[in-house]
Amino acid sequence: MGTPAQRPGRSAYPPDGLLATTLATLAGTPDDASQVETLLVTTARLAADVVEPVSYASVTATRAGTPTTVAASSHIAYEVDLAQYADRAGPCLDALEGGRPVDVPDVGAVMAWPGFRDEAWRLGLRASLSIPLFAASGVPIAALNLYAHDPEPMEALTRR
């Protein structure tokens with residue numbers, strides 16, 4: 001029957017390779033192309049599935065001038081995103097607006113974003129990393145939000 005990559009209907013890439021391919025495709029796609037939404041949804045799903053220390057993932061983008069979760073691997077990620085939108089402050093918004101990764105190695109020590117801190121802590125999350133996502137224009141179009149229960153394995157990811 002062959003290897004999984006050779007079977008009909010299966011991707012030729014392992015999941016982590018598929019995430020890299022999806023991000024590369026997004027980077028070369030015009031910002032307003034219809035497939036951008038599909039690429040963002042795929043990115044959130046794959047990040048939660050293949051990035052080792054990550055418990056949940058979501059993607060935040062601005063729609064009609066308002067930050068919106070366009071994809072989430074779980075309601076937990078969605079709830080943490082909503083807390084940031086309510087306060088108009090948080091790591092996902094800073095990554096989207098600033099175009100730089102924003103790491104939170106210890107959720108309990110966060111002072112700048114109390115809504116994020118309180119909701120993430122309540123839901124058992126202890127670390128996060130928000131990474132801006134870019135399409136062809138080179139301007140951030142979204143932020144990939146990675147949330148983890150265990151901060152120690154997440155530390156290696158945030159250092160990269």
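Let's start with Thr 69, which sits in strand S2, the stretch covering residues 66-72. Keep in mind that this is a predicted model. The chain around Thr 69 has 6 helices and 5 strands, and the notes below go from two threonines to the whole chain and then to its salt bridges.

**Thr 69 in strand S2**

- Thr 69 counts as buried because its relative accessible area is 15%, and the cut-off for buried is under 20%.
- The side chain of Thr 69 has a polar contact with the side chain of Asp 81, at 2.9 Å.
- Tyr 85 is another polar partner: its side chain and that of Thr 69 are joined by a polar contact of 2.7 Å.
- If you skip residues up to four places away in sequence, Thr 69 touches Ser 58, Val 59, Tyr 78, Asp 81 and Tyr 85.
- So Asp 81 and Tyr 85 turn up on that list of touching residues, and each also has a side-chain polar contact with Thr 69.

**Thr 22 in helix H1**

- Thr 22 belongs to helix H1, which runs over residues 15-27.
- With a relative accessible area of 6%, Thr 22 is buried.
- Leaving out residues up to four places away in sequence, Thr 22 touches Leu 39, Thr 42, Thr 43 and Leu 46.
- Take Leu 39 from that group: it is 17 residues from Thr 22 along the chain, yet the two C-alpha atoms are separated by 6.4 Å.

**The chain as a whole**

- Reading along the sequence, you get the pattern α-α-β-β-α-α-β-α-β-β-α.
- The chain has 160 residues, and 44% of them are buried.
- Look at contacts between residues at least 6 apart in sequence, and 54% of those join residues at least 24 apart.
- About 8200 Å² of the chain is exposed, with carbon and sulfur atoms supplying 55% of that area.

**Salt bridge between Glu 37 and Arg 63**

- How many salt bridges does a search of the whole structure find? There are 3.
- One of them brings together the side chains of Glu 37 and Arg 63, at 2.1 Å from N to O.
- Glu 37 is in helix H2 (residues 35-50) and Arg 63 is in strand S1 (residues 56-63), so this pair ties together parts that are 26 residues apart in sequence.
- Glu 37 is partly exposed, with a relative accessible area of 33%, and Arg 63 is partly exposed too, at 30%.

**Salt bridges at residues 117 to 122**

- Arg 117 pairs with Asp 118 in a salt bridge whose closest N and O atoms are 3.0 Å apart.
- Is Arg 117 buried or exposed? Its relative accessibility is 18%, so Arg 117 counts as buried.
- Asp 118, on the other hand, counts as partly exposed at 45% relative accessibility.
- Glu 119 forms a salt bridge with Arg 122, and here the closest N and O atoms are 2.8 Å apart.
- Why are Glu 119 and Arg 122 separated by about one helical turn? Because they are 3 residues apart in helix H5, which spans residues 114-122.
- Glu 119 counts as buried, at 15% relative accessibility, whereas Arg 122 counts as exposed, at 57%.

Terms used:
Residues numbered from 1 in each chain as written. Predicted model: local features only at pLDDT ≥ 70, side-chain atom pairs only at ≥ 80, totals over all residues. Heavy atoms only, no water. Helix = DSSP H or I, 4+ residues; strand = E, 2+ residues; numbered from the N terminus. Buried < 20%, exposed > 50% of the residue type's maximum accessible area, 1.4 Å probe, protein only. Polar contact = N/O pair within 3.5 Å; in protein donor to acceptor, adjacent residues only side chain to side chain. Contact = heavy atoms within 4.5 Å. Areas by Shrake-Rupley, 256 points an atom, 1.4 Å probe, with all protein chains shown as cover. Salt bridge = Lys/Arg side-chain N within 4 Å of Asp/Glu carboxyl O.
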